[in-house]
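Trainee: I have the sequence and a structure open on my screen. Could we talk through it together?

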Amino acid sequence: MDYSIYETSLVDYDGEICLCLNTGQCSNNCFYCYNNPNDIPIMEFDTAKSIINKKKQFVTAVSLTGGEPLLNPSLSKILEYAKKQNLKTKIDTSLCCDINDNVLKNIDFINISIKNYKYLLKILPKIIYITKYQNIVVNLNIVYHPEYISFYEIKKINNKLKQLNKIVLVVTAMDISNTKYDKEVTKKDLLKLKEVLDINYIFYTKEDGKFR
């Protein structure tokens, strides 16, 4: 069995030791993505179960990422099994496909990636539906580079999100290693961005991890 499709993380789930499972496959083609999920086989339930059993005494949460975990036919079964092991559960998703109640009832934390304001409007009905589950923590994640998305557009996203409850906006510095951009996003860039926003957000940078 190939166990290279998982890792343990201290930053993927706040306050938890998190087992991250790469479920493989993705319908998006984000030019800045550091993963190549199509090179990874789709994770079957038995594989996920074996990894969880191997690591459950050392972790407190499980995160399903990729790629796009919603494309995995075993997603709800994997999440349900993780919950039965008393582990908190998270998925990283772009909501590019449907998410059903069998998945949502076994999720504690969902991180939703959006490309821009237009994409937010496209998936907004799904986000609103997810917020009806009071137990789910919802993060909305934007990969940031000033040549990719403007302050103005992020401000529009901010204003739209203020109409909803329980949404935390997370801005992640773009990894430029697979892009045409030459200049790295710095902590100073993100602090400047924060000044444009009128409420408190969480930011990530390569050098600092997470800061507010």
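Here is a friendly question-and-answer walk through this predicted model.

Trainee: Let's begin with the whole chain. What percentage of the 212 residues in the chain is buried?

Mentor: A residue counts as buried when its relative accessible area is under 20%. The chain holds 6 helices and 9 strands. Of its 212 residues, the buried share is 49%.

Trainee: And how much of the contact in the chain comes from residues 24 or more positions apart?

Mentor: Take the contacts in the chain with a separation of 6 or more. Within that set, the share from residues 24 or more positions apart is 67%.

Trainee: Now the helices. Are helix 4 and helix 5 roughly parallel or roughly antiparallel?

Mentor: A packed pair of helices is described by the angle between the axes and the distance between them. Here helix 4 (residues 117–130) and helix 5 have axes 9 Å apart, at an angle of about 25°. Angles under 35 degrees count as roughly parallel. Helix 4 is therefore, relative to helix 5, roughly parallel.

Trainee: Which residues make that contact, and how many of them are charged?

Mentor: Helix 4 contributes Y117, K118, L120, L121 and L124, while helix 5 brings E153, K156, I157, K160 and L161. Sorted by type, the residues of this contact of helix 4 with helix 5 include 6 nonpolar and no polar ones. The number of charged residues is 4.

Trainee: What is the orientation of helix 5 to helix 6?

Mentor: The axes of helix 5 (residues 151–161) and helix 6 (residues 187–196) come within 10 Å and cross at roughly 50°. The crossing of helix 5 past helix 6 is right-handed. An angle between 35 and 65 degrees is neither roughly parallel nor roughly perpendicular, so the two helices are oblique.

Trainee: Which residues of helix 6 meet helix 5?

Mentor: On the helix 5 side are F151, I154 and K155. The contact of helix 5 with helix 6 divides into 4 nonpolar, no polar and 2 charged residues. The helix 6 partners are K192, L193 and V196.

Trainee: Over to the strands. Which residue in strand 4 stands opposite A61?

Mentor: Strand 3 (residues 61–65) and strand 4 run parallel and are joined by 4 bridges. Strand 4 (residues 88–93) is mostly covered, with 5 of its 6 residues buried. Opposite A61 in strand 4 stands K88.

Trainee: Is V138 buried or exposed?

Mentor: V138 sits in strand 6. Beyond four places in sequence, V138 contacts I110, I112, I130, K166, I167 and V168. I110 is 28 residues away in sequence, yet the C-alpha atoms of V138 and I110 are 5.2 Å apart. With a relative accessible area of 1%, V138 is buried.

Trainee: What is the relative accessibility of N139?

Mentor: N139 also has its place in strand 6 (residues 137–144). Leaving out residues up to four places away, N139 touches F109, I110, N111, I112, V168 and V170. N139 counts as buried because its relative accessibility is 8%.

Trainee: Last one: N86 has a positive phi. Is N86 buried or exposed?

Mentor: Most residues other than glycine have a negative phi. N86 has phi near 65° and lies in the loop between helix 2 (75–84) and strand 4. L95 has a positive phi too, about 55°, but L95 is buried, with a relative accessible area of 1%. At 71% relative accessibility, N86 is exposed.

Conventions:
Residues are numbered from 1 along each chain as its sequence is written. This is a predicted model: local features need pLDDT of at least 70, side-chain atom pairs count only at pLDDT 80 or more; totals for chains, interfaces and linings use all residues. Side-chain values use heavy atoms; hydrogens and water are left out. Axes are lines fitted to C-alpha atoms, for helices over the stretch in contact, and angles run from 0 to 180 degrees between N-to-C directions. Angles under 35 degrees count as roughly parallel, over 145 as roughly antiparallel, 65 to 115 as roughly perpendicular and the rest as oblique. A crossing is left-handed if the near helix is turned anticlockwise from the far one by less than a right angle, and right-handed if clockwise. Contact means heavy atoms within 4.5 Å. Ala, Val, Leu, Ile, Met, Phe, Trp, Tyr, Cys and Pro count as nonpolar, Asp, Glu, Lys and Arg as charged, and the others, Gly among them, as polar. Buried means under 20% relative accessible area, exposed over 50%, partly exposed in between (1.4 Å probe, protein chains only). Two strands pair if DSSP finds at least two bridges between them.
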